[in-house]
Amino acid sequence: MPPVAPFAVILVLLVVGGLIAWYAHVQAVRRREELTRLAGEVGWRYEPPHDGPLTDRLRRFSDLNQGHSHSAYNTLRGQIGMHGKPVDVCAGDYRYKITRNSGKNRSTTTYRLSYLLADLPFATTPTLAVRKEHFFDKVAGAIGFDDIDFESKAFSDRFHVKSRDQRFAYDVIDPRMIEFLLRESPRSVQLDRGRLLVVVDTRCWTPDEFRANIAWTRAFLDQWPRHVVDRLSSEVTY
């Protein structure tokens, strides 16, 4: 069999690259159309461009501060309530890259996921992180690096909770909140300086998943004990 001419190989690579680029463009257009419809259905607004200031706000959270080349885009903006107080919310897609070096080899992987960010109606809050318990969390606990434990063993076994202020964590995660979190699909929740981040896995959400996570966040905020909301609203320091 005669060898394949170099220009034929180049042509094939160009065609394959073009098809990949075309498919990515079609998917991006479809994504924008889906989220535009979603925004209209829930009474929010849709902003497709990349948002630098929003990216900087999101990078304050450990879940979204990995790698490099961070970017927030396909942003939905609207409001939900928290005990009668308005809460500004944005949700959308987020992208970052991680570059790995192994000897002479270097590879870059792009990660895409969706998020929801809520600006709570308080000047500030203590930090709080609630997520699903992983195997390595149990290992860390066995050697003394423990999270916050609760009276509910089912909850403590399922969730990993961290806060710089344990009193605040116990106040927010009361028995009613524990019941709510146990019956719902686990989300990763981070609270920092009055902003609440909700992430579910490292993938982009479908429009139905956006609806579900907006509803979940609204329900999560409704579970906060009223005395905690009143205390934070009056700017009493924990």
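This report looks at aromatic rings and at one helix in a predicted model.

**Rings that meet**

The structure holds 11 aromatic pairs. Two of them are set out below.

| Pair | Distance between ring centres | Angle between planes | Arrangement |
|---|---|---|---|
| Tyr-96 and Tyr-111 | 5.3 Å | 15° | stacked |
| Phe-220 and Trp-224 | 6.5 Å | 85° | edge-to-face |

Why is the pair of Tyr-96 and Tyr-111 stacked? Planes under 30 degrees apart count as stacked, and the planes of these two rings are at 15°, so the pair fits that description. The tyrosine pair also links distant parts of the chain: Tyr-96 belongs to strand 3 (residues 85-102) and Tyr-111 to strand 4 (residues 105-119), 15 residues apart. Tyr-96 is buried, with a relative accessible area of 4%, whereas Tyr-111, at 25%, counts as partly exposed.

Now for the other pair in the table. Both Phe-220 and Trp-224 are buried. These two residues also belong to a cluster linked by ring pairs, together with Phe-122, Phe-168, Phe-180 and Trp-216.

A ring can have a charge for company too: the charged end of Arg-95 sits over the ring of Tyr-73, 5.2 Å from the ring's centre.

**One face of helix 8**

Which residues of helix 8 (residues 226-233) are buried? They are Val-228, Val-229, Arg-231 and Leu-232. Seen down the helix axis, these buried residues fall within an arc of 165°, so they line one face of helix 8. Here is a handy rule to go with that picture: an α-helix has 3.6 residues a turn, so residues three or four places apart point the same way. The buried residues of helix 8 pack against strand 2 (68-82), strand 3 and helix 5 (166-172).

Definitions and conventions
Residues numbered from 1 in each chain as written. Predicted model: local features only at pLDDT ≥ 70, side-chain atom pairs only at ≥ 80, totals over all residues. Heavy atoms only, no water. Phe/Tyr/Trp six-rings, centres within 6.5 Å; stacked < 30°, edge-to-face > 60°. Helix = DSSP H or I, 4+ residues; strand = E, 2+ residues; numbered from the N terminus. Buried < 20%, exposed > 50% of the residue type's maximum accessible area, 1.4 Å probe, protein only. Lys NZ or Arg CZ within 6 Å of the ring centre and 35° of its normal. Arc of directions from axis to C-beta. Contact = heavy atoms within 4.5 Å.
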